Number of protein chains: 2
Amino acid sequence: MGPGPINAHPRVLRAMSADLLGQFDPEMTAYMNQVMALYRPIFGTANPWTFLVDGTARAGIEAALVSLVSPGDRVLVVNFGRFGLLLTEILLRIGAMIATVDAPWGEVVSMDAITAAIERTSPSLVACVHGDTSTTMTQPLEGIGALCRAAGALSYVDATATIGGMEIAADRWDVDIVTGGLQKCLGGPSGSAPITVSALAAERIFARRHVEQGIRTAHMADGVGPRIGSNYFDLAMIMDYWSDKRLNHHTEATTMLYAARECARTVLEEGLGARYARHAAAGRAMAAGLQAMGLSLFGDDRHRMTNVAGVYIPDGVDGERVRTAMRGQFQIEIGTAFGPLQGRIWRIGAMGYNAMLHKVLLTLGALEACLAAEGFALPGGVAIRAATQAWEG
Amino acid sequence: MGPGPINAHPRVLRAMSADLLGQFDPEMTAYMNQVMALYRPIFGTANPWTFLVDGTARAGIEAALVSLVSPGDRVLVVNFGRFGLLLTEILLRIGAMIATVDAPWGEVVSMDAITAAIERTSPSLVACVHGDTSTTMTQPLEGIGALCRAAGALSYVDATATIGGMEIAADRWDVDIVTGGLQKCLGGPSGSAPITVSALAAERIFARRHVEQGIRTAHMADGVGPRIGSNYFDLAMIMDYWSDKRLNHHTEATTMLYAARECARTVLEEGLGARYARHAAAGRAMAAGLQAMGLSLFGDDRHRMTNVAGVYIPDGVDGERVRTAMRGQFQIEIGTAFGPLQGRIWRIGAMGYNAMLHKVLLTLGALEACLAAEGFALPGGVAIRAATQAWEG
């Protein structure tokens, strides 16, 4: 019950024990095409280029940025936490000229500030995290695409921590690339990064498309434009592999593809609306329970992610000892925090397969017991009642 | 029964349906430490830095090269096939000054040629593939480390296609980084890249170590040296994550770690010597069976990989129609070929869980039937006898 990774859905676990297939086997390529179709509604898009990057969520981020950005390009990062800083960290390696528009940890960046920063910095790309688990804040993204279009900038959104739990609306937001990961609200393991790429972004990326010498045949040209700075993360090559051309690149990670497929199937069978409502109910219940215990939540209430809450460690309580007791006595993991929040807050999640009332209640009950053992005076039993009521809405 | 990916060992498939763990859970970090210990004998090394890169085998290659090489560094690539060309392709993106010492497809590069090329080009790194499945050749590596040490160069070996099936002797070869993949002789799925790093290579890599701003605490310095060109593939950061520091980087791909662990356990339980002998027997049997059918093998007999054979498509036979019939009628996949060999050879493998006599015999029997259906005159039944005798040695 931390900020992710979390327990996978049992159906996803079972899907991963299926036997493997050759990477160009018709059954395998049919599964690849299914995955493309399954992830379009989850990203809220009709983009044909919707597929997987073989690596963790961070691999998806780097693939998007290194394929969109050339050394010297100006990039504006909307930064309000550890994962905004990660975008700058990755862009630094790419050789981008980076500007940031920042909010303190626990807040989000206003659309006015983003507008002013775009005007000031004339970026070719605006990069932003949707939900930053380090601060538990969700950046509002309605209208960001129009701002970027007006300024001639492309846009990138890291939706790792929200995809499958909060609405992703790539087409309505009008953003160019969105990436995710399985290990949060999609209820799967880390190791595969779903990605969607707009027609405009695909055009920019294909303007740097090359074919590897080792697979080039007599009638194939090498390619055009400066090469993308990474081979593994070269989205032009990865898209040629996922297209009908099936040009060899990496060997698709079959088991992770099965996992990604089963995650998407469970999400769509539940229904996106029902799933977002379930995450919202779990978030409300967890927050209400924590507050009923006398604990204070971290950050701006208006922009809290539904699937993870930051909660201040009360004075006089040893945060790590409580986490150890939660894990040791109850087999429940809650999260520590990064950077300036380390030792100040816990991060408690309820996402994917864990966004269920009984898991929220078990967590609250366990935390109550661990806090009491630490000598923290709290009104016993009220958390469960408050959480149950909040779940009902 | 192609050049990989292949069928995974059933124990590996089952291991992947185990429930997930938090990335800093003591049970998880204990598994990480087990994986480090399990892969040392498989790599033939005592290197403490033996771990996993989260991505396909190609991710391991890029992580090694981008962490060892800075833009402008001179690198010598020992090139005898598609995967030697892949090394140059990746190095091109890193901005290396690349020289190659080449052999025609189907041969290997002599140690004399490598010696002369090192003298001529004074590289800071020599990079080489061990077994190149595109040509089915194995590059001899005894003595290569001493050559590199004498010239002050580091060395890198891509052992994707041989690890777990042919001997890898990182310490005896005295090479600095070796990487692999699970999807060939280790009998697992694509998606995790085992890697071993020598003390000297680790020192060079740590000379470029940085700590991400988002996880830096007050007492932590940023870092030293020019940043490695990729964040995801920054081995200094990945090693800080796999070390007792457990500094957050990517979220370890839990299921793929379970797979890598179970692959190594099955390998070590069988015993490395027995396993290499089994692959050699399967290779002998397959080659003898193909030749008994009247087919000709591709490439230099002295340097053939034990786990995959290239075989010429006979005149008048449609290679793709045979592959389709093998898959359609017998559910057996055999491989096509890349670049200059496309349409000229098939690549038929027997590796990992598939390096078993009955699978070799079933493949030969099916191929005999498909060739006969194509009107290729061949002496019926002799392949099975020849293969069985060759298996016995």
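Thr56(B) lies in the loop between β1 (49-53) and α3 (57-68) of chain B. Helices (H or I, at least four residues) and strands (E, at least two) are DSSP runs, numbered from the N terminus. The structure is a predicted model, in which local features need pLDDT of at least 70 and side-chain atom pairs count only at pLDDT 80 or more, while totals for chains, interfaces and linings use all residues. Residues are numbered from 1 along each chain as its sequence is written, chains are lettered from A and ligands numbered from 1 in the order in which they are written, and side-chain values use heavy atoms, with hydrogens and water left out.

**Surroundings of Thr56(B)**

With a relative accessible area of 1%, Thr56(B) is buried. Buried means under 20% relative accessible area, exposed over 50%, and partly exposed in between (1.4 Å probe, protein chains only). Leaving aside residues up to four places away in sequence, Thr56(B) touches Asp54(A), Tyr232(A), His250(A) and Thr251(A) in chain A, along with Ser190(B), Gly191(B), Ser192(B) and Ala193(B) in chain B. Contact here means heavy atoms within 4.5 Å.

**Salt bridges**

How many salt bridges does a search of the whole structure find? The number is 46 over all chains. A salt bridge is a side-chain nitrogen of Lys or Arg within 4 Å of a carboxyl oxygen of Asp or Glu. Three examples from chain A are tabulated.

| Salt bridge | N to O distance |
|---|---|
| Arg93(A) and Glu89(A) | 2.4 Å |
| Asp222(A) and Arg216(A) | 3.6 Å |
| Arg323(A) and Glu320(A) | 3.1 Å |

Arg323(A) and Glu320(A) are 3 residues apart in helix α12 (residues 319-330) of chain A, about one turn of the helix. Glu320(A) has a relative accessible area of 41% and is therefore partly exposed. Elsewhere, salt bridges that share partners join Arg11(A), Glu262(A), Arg265(A) and Glu269(A) into one network.

The pair Arg93(A) and Glu89(A) also sits within one helix, α4 (residues 82-94) of chain A, with their positions 4 residues apart, about one turn. Arg93(A) counts as buried because its relative accessibility is 10%. Glu89(A), at 6%, is buried too. Asp222(A) counts as partly exposed at 29% relative accessibility, and its partner Arg216(A) is partly exposed at 24%.

**Helices α13 and α14 of chain B**

Helix α13 (residues 357-373) and helix α14 (residues 382-392) of chain B have axes that come within 9 Å and cross at roughly 155°. α13(B) is therefore roughly antiparallel to α14(B). Angles under 35 degrees count as roughly parallel, over 145 as roughly antiparallel, 65 to 115 as roughly perpendicular and the rest as oblique. Axes are lines fitted to C-alpha atoms, for helices over the stretch in contact, and angles run from 0 to 180 degrees between N-to-C directions.

The crossing of α13(B) and α14(B) is right-handed. A crossing is right-handed if the near helix is turned clockwise from the far one by less than a right angle, and left-handed if anticlockwise.

Which residues of α13(B) and α14(B) meet? From α13(B) come Leu357(B), Leu361(B), Leu364(B), Gly365(B) and Glu368(B), and from α14(B) come Val382(B), Ala383(B), Ile384(B), Ala387(B), Thr388(B) and Trp391(B). The residues of this contact divide into 8 nonpolar, 2 polar and 1 charged. Ala, Val, Leu, Ile, Met, Phe, Trp, Tyr, Cys and Pro count as nonpolar, Asp, Glu, Lys and Arg as charged, and the others, Gly among them, as polar.

Ala373(B) is also found in helix α13 of chain B, and at 69% relative accessibility Ala373(B) counts as exposed. Ala373(B) and Leu87(B) are 286 residues apart in sequence and 40 Å apart in space, C-alpha to C-alpha.

**Backbone geometry**

Most residues other than glycine have a negative phi, and most peptide bonds are trans. A cis peptide bond joins Gly4(A) and Pro5(A), with omega about 5°, and Pro5(A) is in the segment before α1 (10-15) of chain A. In chain B, the bond from Gly4(B) to Pro5(B) is cis, with omega near 5°; Pro5(B) is in the segment before α1 (10-15) of chain B.

Gln331(A) is not a glycine, yet has a positive phi of about 55°. Gln331(A) is in the loop between α12 and β11 (345-349) of chain A and, at 58% relative accessibility, counts as exposed. Thr136(B) likewise has a positive phi, near 65°. Thr136(B) is in the loop between β5 (131-132) and β6 (137-138) of chain B. Is Thr136(B) buried or exposed? At 0% relative accessibility, Thr136(B) counts as buried.
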